[in-house]
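Let's take a walk through a protein together, going from a single spot in a loop out to the whole fold and back again. Keep the picture in view as you read.

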Amino acid sequence: MKILLTGGSKSGKSDLAQDLAIYLSPEGRRYYVATMIPADDEDRERIRKHLANRDGLGFETLECGRHIETALAGGGTCLLDSVTALMANEMFEGTLYHEDAARRMLPGLRNFLTGWDHAVLVFDSLYSDAAVYDTMTENYRRSLAYLLRETASVCDTVIDMKAGLPDVIKGGLPEGFEAWMAVTDKKTAGTAYNRSRSAAGKPIREVVFGGAGQGQEAYVREKYGFSEADIGVCTAGALPDLTKPCLLDVEQSVLFCLKHDRPVEPLWENGAVLVFTDMSRGIVPIDPLMRRWREEASRLMREAAGLAEIVTEVTAGLPRQLKG
């Protein structure tokens, strides 16, 4: 089985990919194909966390930052995390810039897929922000999207992770996987996927998210009949009254916490309806504060979704329930 996972920052895609690889290899060999070539301490810390997360889970690590076709192991199950880093390594090789890297990579990536009994591939969703970037960055984003489309066409299952919840857009999860996730006692228990099914903590009535201006506020006002007094509007300048039954723009309160060196803890009381603008997608910000804001806001949205009775995505004014 070939499975493609995509999603934004801290969406839970790596956790689910790891769980899927374990499930698909109950007795056979499993490999983690690591593609990141670290450039700074932040990259090295990210690698350290990934290593710690899969320690003791039976993965053999294959380091392959370029030329993915050379990572063939002859059967078994592999987890490739991520094609995003692999694409960057191939396009920006030291001081060299390979404009056509994606088209050069595609035959090798397809050949790589054929060498495994099961494969799980991870992509980052870098395609959705409204910023205009330099020519090389725009080419990188378009090239990654090209690899995503071409790889999705030959995979059995394609999943878009949203706030820790798998949105299956092609095929389906492996038979028996959800039942296994519900009962298995493993080191990775407590991943985003598990938390979205059963979580302990402050209950949340509903988490509503979507891109900028997609109609999240109108949806909750109409559904719940909230008055102005019921709604707390979060800003980067001050924390709102967290006891309000509805909080808008929760991600803004995350920025307030970061700017004032406060821990980003759950920003709600029992029974709240939480409304987020989804910041998890798009090109990773260069500014360290903005980068951390995106990661922390995405992590908090994922945590809230795990505790919520209902999770709803709003796109173009149209709500779609992902949980509940």
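**Starting in a loop**

Ala-163 sits in the loop that links strand E8 (157-162) to strand E9 (165-170). Before going further, please keep in mind that this is a predicted model. The backbone at Ala-163 has a phi near 55°, a positive value in a residue other than glycine. Is Ala-163 buried or exposed? With a relative accessibility of 5%, Ala-163 counts as buried, because the cut-off for that word is under 20%.

A second loop makes a good partner to this one. Lys-10 lies between strand E1 (2-7) and helix H1 (13-23). Lys-10 is not a glycine either, and its phi is positive, at about 55°. Its relative accessible area, however, is 33%, so Lys-10 is partly exposed.

Now step back to take in the whole protein. Its secondary structure consists of 10 helices and 15 strands. How does its overall size fit with that of a compact globule? For 324 residues, such a globule would have a radius of gyration near 20 Å, and the protein has 20 Å, which agrees. Along the principal axes, the C-alpha atoms fill a box of roughly 60 × 45 × 35 Å. Of the 324 residues, 51% count as buried.

The chain also brings together residues that are far apart in sequence. Take the contacts between residues at least 6 apart in sequence: 70% of these join residues at least 24 apart. On the outside, the accessible surface comes to about 14800 Å², and carbon and sulfur atoms account for 51% of that. As for charge, there are 38 positive and 47 negative side chains, and the centres of these two sets lie 1 Å apart.

Helix H9 (residues 250-259) is a good place to see burial at work. This helix is mostly covered, with 8 of its 10 residues buried. Among them are Val-250, Leu-255, Phe-256 and Cys-257. What covers the buried residues of H9? The cover includes strand E12 (246-248), strand E13 (272-277) and helix H10 (288-307). Just after H9 comes Asp-261, which takes a positive phi of about 55°.

Cys-257 leads us to a question about sulfur. How many disulfides are there? The count is 0. For Cys-257, the closest cysteine sulfur is that of Cys-234, and at 9.6 Å it is too far for a bond, because a disulfide needs the two sulfur atoms within 2.5 Å. Cys-257 has a relative accessibility of 1%, so it counts as buried. Cys-155 tells a similar story: its closest cysteine sulfur, in Cys-78, is 10 Å away, so no bond can be counted there. Cys-155 is buried too, as its relative accessibility is 4%.

Our last stop is around helix H3. The peptide bond from Asp-81 to Ser-82 is cis, with omega near 10°. Ser-82 belongs to the loop between strand E4 (77-81) and H3. Within H3 itself, which spans residues 83-91, you will find Asn-89. Asn-89 has a relative accessible area of 9%, so this residue is buried. Which residues does Asn-89 touch, leaving aside its neighbours within four places in sequence? Asn-89 is in contact with Thr-35, Ile-37, Gly-65 and Arg-66.

Terms used. Residues numbered from 1 in each chain as written. Predicted model: local features only at pLDDT ≥ 70, side-chain atom pairs only at ≥ 80, totals over all residues. Heavy atoms only, no water. Helix = DSSP H or I, 4+ residues; strand = E, 2+ residues; numbered from the N terminus. Rg over C-alpha atoms; globule rule 2.2 N^0.38 Å. Buried < 20%, exposed > 50% of the residue type's maximum accessible area, 1.4 Å probe, protein only. Contact = heavy atoms within 4.5 Å. Areas by Shrake-Rupley, 256 points an atom, 1.4 Å probe, with all protein chains shown as cover. Lys, Arg positive; Asp, Glu negative; His and termini not counted. Charge placed at Lys NZ, Arg CZ, Asp CG, Glu CD.
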